[in-house]
Amino acid sequence: MTAPPKVSFVIINYNYGQYVAQAISSVLSQTYGDFECLVVDNASTDNSRDVIARFEYTDPRLSFEHLDSNLHQMGAFLRIFDRLAGELVCIVDADDFLFSNFAAFHAQLHCDCPTIAATSSGVLETDHAGRPLSSGFAWFLHRKTAGKSFDPSQSKSDHMFLGRRERDLLWRQSTVIEPHELGWHWSPGTANMYKRHYLVRCKPSRAVVSNAATDNYFMPFVHALAGSACIEIPLSAYRIHGSNSHGAQLSMPDLRTFSKAAHERSRARRGAIVRELASRAQDFVASHGRTFWTLMDAPSVPDGVPLNEYFNDPAIQDILNDHFDEILAACGEAETRKALSARMGRKGYKQFLALQGQRKSRSD
Amino acid sequence: MDYFAGGRFTYDWTSHHLKLWEELLRDKIDTATAVLEIGSFEGRSALFFLQFLPRSHITCVDTFQGSEEHVERGSQYESDMAEVERRFDQNLEPFADRVDKRRGDSVVVLPRLAAEQRLYGLIYVDGDHSAASTYTDARLGWDLLDNDGVMILDDYRWGRDRPAAKSPAAGMEAFLQQIAGEYELLHRDQQIVIRKIPIGETSIGATKSFTIAGRDIGELTGGALSPPLVSFVVINWNYGRYVGETIDSIRRQDYPHFECIVINNGSTDDSAEVIARHVEGDPRFRVETLPQNHGQLGAALWSLDKVNGGFVTFVDADDVLFDNYASMHIQVHMALQRSVGFTSANVAEMDPTGKALTASYQQLRLNRPDAQRGLRGEQTVLRLPTVSPSQYRFLDANTATIPRWQIGWLWAPGSANMFRASVLRLLRLDDGSNPRMTSADGYFNTICHAVAGSALIDMPLSGYRLHANNYFATGESVEGIRSGTRDYATKSQEFTYESVKYLIEGSDRFDWLLGAEFWPVVDRVTRENADKLRDYFRNESAVGIFRRNAPQLRSVFGAKRFAKEVMARFSGAQARSILRAGFGGQIPARHLYNSLSRDFRAFLKRKRKR
């Protein structure tokens, strides 16, 4: 029997001095024993440092990193990524908190369902004081078009991190989603646990994504590589705070309760997935063969953007253009033409090539 | 075995139940010693009980005056009741020493049995079939039933074609709601059979704390998670004689996590003094005084800056909430398949004294197209300690989420509704600094539902007082809660133009929030069916709203979409006046042509019809 997987929690904090202590305490209260927790402060200007300092020397599983400038969530994560020792990784937003059974449920499912790249559990949306406002995040609960119920007979794991009844509950409430089922199926941020192996695989090599949210980049990406599973039990709290009228609203089905600006930002930033895939096309084709193009579709689907529109977006075409030689080397001319014509339309693809020719001659 | 050999009977309403009864009562053969029967008629069922349960004694309660269906002229069950009683006596003659016949009305006899401290192991309720009598018989009988005893309610499916008040089903359902958590359902078909759960048994597994997946939230979160906060807003205008009871009913909530703002809305009676007396000593209450009557909606809008809870109920100052009001509403909000704008529960109607419920209350209709029934699994939601497992199952079976495209009045009025505060704020008509002399539910229910959907809870959680001063003084509303007065209906319909105005004025914001749903929502807040919409928009106030906001609509939706949506609602000169305003005085030729040809086609169509 293999050792239970170690979990690495990363708490990335920027000016959440009033909440970060609860986030750290909630990690330390996990019933699952084998974990480490790295607290990263993104050059906060509030009392965060003092709050975090109170935890120093209290628990050997805790370590700390204080950054000199705000690298945003993704930048901070990439800065410390190589230090993580866990097989499983959970990035905790400093204003959220975990329930004490969080890691046990996630680790159990990762062991019972070893092929998947990530797990995602339900959240309770709460107000600033931790008072529940709803029983779940709308996108997680209401998009029940994908996935299959978990089949316990497939599980060969001997690990038991949960009592029998809780394991039964976990199995009953889990849905396994295949890699080709694209879309946003998950709870936000904190509620997700990745296999580190897949984070390594899609770690962005360029600094351009440093201001992205980690879940926005990693979840669709690792899912497209190996699939994911959802646990429909609330295992953490997602705090809705700030001025409650716009911007920060709890999620409602079929209402855009997030702001237009935030939506456009996250959509644009998700283009980083396309860049990563295109720039390392040979690498991904080697591992994923023809499904490479399904991977390329992954970032567009969560926003419901039609493929045709997405691949004719100048920003995406710029990315493809930058790495076109790499794509051709990976897929060959014929398959590239076929795949891109299917996405851009024949005419769109021709225009793209023409534009490409112009750029080439300009740079020559 | 033939239980009825040698008896004299005219009807047999009993034999087809015997198989069920034998099955359910088999383990009581040796233990059942006391049987109570409400409604004996010719004694057929009594004969069965006496013979199947050989050690039993039976108390038979019957007026022997017949109920409505027996004395109605020409009814298929018309009977000579004196003859019925003679047959009863004769049929039971062989068992005379085991029969205690109580001739009289059950509402008189049952309390007398209670005074005699009788307890029964089996109670059969088969008396008068009106909802009120069935409810009363069952409720009074329940107190006479021993722990672990069985109660059989007959004729659950009888008279489904009759008004709710005249058939037993509504009464039985009300009764079962009352005793939720105290019984186990053994059978439900033509008869309902329940077992009384001993008090010790119900508390097994019950905890004092909120739980998720069976774990105490204290253990899960070390205090980081606290219970949802409810805000009650009592809006009182000159209801000094009722508001005290309203406040008391809030103080009695079994869910302690609430705040209550009592707004004395420009009252000129003794309200201030009554309110002060009733809120005294409870720090959860705050009193706010408005110098003039702000109207109910005005006060509700005004209060939104002052509430801290995630959930809000505007309480009419002449209503009372039942003790489990907040528990049930919050549990449903926490457990629905999808979040909704508000939940709405049944109301029980009360007479002006508040002492007696008129057993006829209107039930919400759950079986609507696309309604989603039920709650999520008990293990996967925040569970309240004040809602027992059997009550949760009851809520699960009696809750429906209604999609937002359903139009019309679907809910119970006023106090019966618990809103999500964030949705109220999202749709806050104004800051309440000006009076709005209209009802809060008339505005908020319609628009919150159109935007965010709603859920119905088929369980009475508050009492609605019928008295001369409220809008619905026309009597018990058996046929429709909103039957109301004509005056009220007109007034509330007029107010829908305010909702349209609010959405159209905020089209830039709502276009983003609602996406493709923006125009359907505008149509839905009118409460009109699709074929009546053109008539609705023909009203000059609608034209004015669109005309004033035409430039903004055009910039938000683009010229083409703007012209299309205007022409979908307005015709002729009205349409063109709005288009003209949107296009800065000059309608582009294409849109002008479309508008004129649309009118022409409509003209031809009318002519053809003639």
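In this predicted model, A:Asn192 touches A:Val89, A:Cys90, A:Ile91, A:Thr119, A:Ser120, A:Trp186, A:Ser187, A:Asp215 and A:Met219, if residues up to four places away in sequence are left aside. The residue A:Asn192 belongs to strand β10 of chain A, which covers residues 192-195. Because its relative accessibility is 0%, A:Asn192 counts as buried. To place A:Asn192 with respect to another part of the chain, one can look at A:Leu124, which is 68 residues away along the chain and whose C-alpha atom is separated from that of A:Asn192 by 14 Å.

A second asparagine of chain A can be read in the same manner. A:Asn321 is found in helix α14 of chain A, made up of residues 314-322, and it touches A:Phe352, A:Gln356 and A:Arg359 when residues up to four places away in sequence are not counted. With a relative accessible area of 12%, A:Asn321 is buried, since buried means under 20%.

Charged side chains offer another way into the structure, and the count of salt bridges over all chains comes to 54. One of them joins A:Arg164 and A:Asp168, whose closest N and O atoms are 3.5 Å apart. Why are A:Arg164 and A:Asp168 separated by about one helical turn? The two residues are four residues apart in helix α6 of chain A, which runs over residues 164-172, and therefore about one helical turn lies between them. As for their surroundings, A:Arg164 counts as exposed at 58% relative accessibility, while A:Asp168, at 30% relative accessibility, counts as partly exposed.

In chain B, a salt bridge links B:Arg251 with B:Asp282, and here the closest N and O atoms are 3.6 Å apart. B:Arg251 lies in helix α10 (residues 240-251) and B:Asp282 in the loop between α11 (271-279) and β12 (285-290), so this pair ties together parts of chain B that are 31 residues apart in sequence. B:Arg251 counts as partly exposed, at 29% relative accessibility, whereas B:Asp282 is buried, with a relative accessible area of 10%.

The side chains of B:Arg252 and B:Asp323 also meet in a salt bridge, with 3.5 Å from N to O. Because B:Arg252 lies in the loop between α10 and β11 (258-265) of chain B, and B:Asp323 in the loop between β14 (320-321) and α13 (325-335), the pair ties together parts that are 71 residues apart in sequence. Both partners count as partly exposed, B:Arg252 at 48% relative accessibility and B:Asp323 at 37%. Elsewhere, salt bridges that share partners join B:Arg8, B:Glu42, B:Glu83, B:Arg86 and B:Arg87 into one network.

From these pairs we can turn to chain B as a whole. Its secondary structure comes to 23 helices and 20 strands, and its C-alpha atoms fill a box of roughly 100 × 70 × 50 Å, taken along the principal axes. Of the 610 residues of chain B, 58% count as buried, and the chain exposes about 25,200 Å², of which carbon and sulfur atoms supply 50%. Among the contacts in chain B with a separation of 6 or more, 77% are accounted for by residues 24 or more positions apart.

How two of these helices meet can be followed in more detail. Two packed helices are described by the angle between their axes and the distance between the axes. Helix α12 (residues 296-303) of chain B packs against helix α16 (residues 440-452) of chain B at an angle of about 60°, and their axes are 7 Å apart. This angle makes α12(B) oblique to α16(B). At the contact, B:Gln296, B:Leu297, B:Ala300 and B:Leu301 in α12(B) meet B:Ala440, B:Tyr443 and B:Phe444 in α16(B). Sorted by class, the contact of α12(B) with α16(B) has six nonpolar residues, one polar residue and no charged residues.

Finally, the backbone of chain B deserves a look at two places. B:Ala213 is not a glycine, although it has a positive phi of about 50°; this residue is found in the loop between β8 (211-212) and β9 (215-216) of chain B, and it is buried, with a relative accessible area of 7%. B:Arg527, not a glycine either, has a positive phi of about 65°. Its place is the loop between α19 (518-524) and α20 (533-538) of chain B, where B:Arg527 is buried, with a relative accessible area of 18%.

Methods. Residues numbered from 1 in each chain as written. Chains lettered and ligands numbered in written order. Predicted model: local features only at pLDDT ≥ 70, side-chain atom pairs only at ≥ 80, totals over all residues. Heavy atoms only, no water. Axes fitted to C-alpha atoms, helices over the stretch in contact; angles between N-to-C directions. Parallel < 35°, antiparallel > 145°, perpendicular 65-115°, else oblique. Contact = heavy atoms within 4.5 Å. Nonpolar A, V, L, I, M, F, W, Y, C, P; charged D, E, K, R; others polar. Buried < 20%, exposed > 50% of the residue type's maximum accessible area, 1.4 Å probe, protein only. Areas by Shrake-Rupley, 256 points an atom, 1.4 Å probe, with all protein chains shown as cover. Salt bridge = Lys/Arg side-chain N within 4 Å of Asp/Glu carboxyl O.
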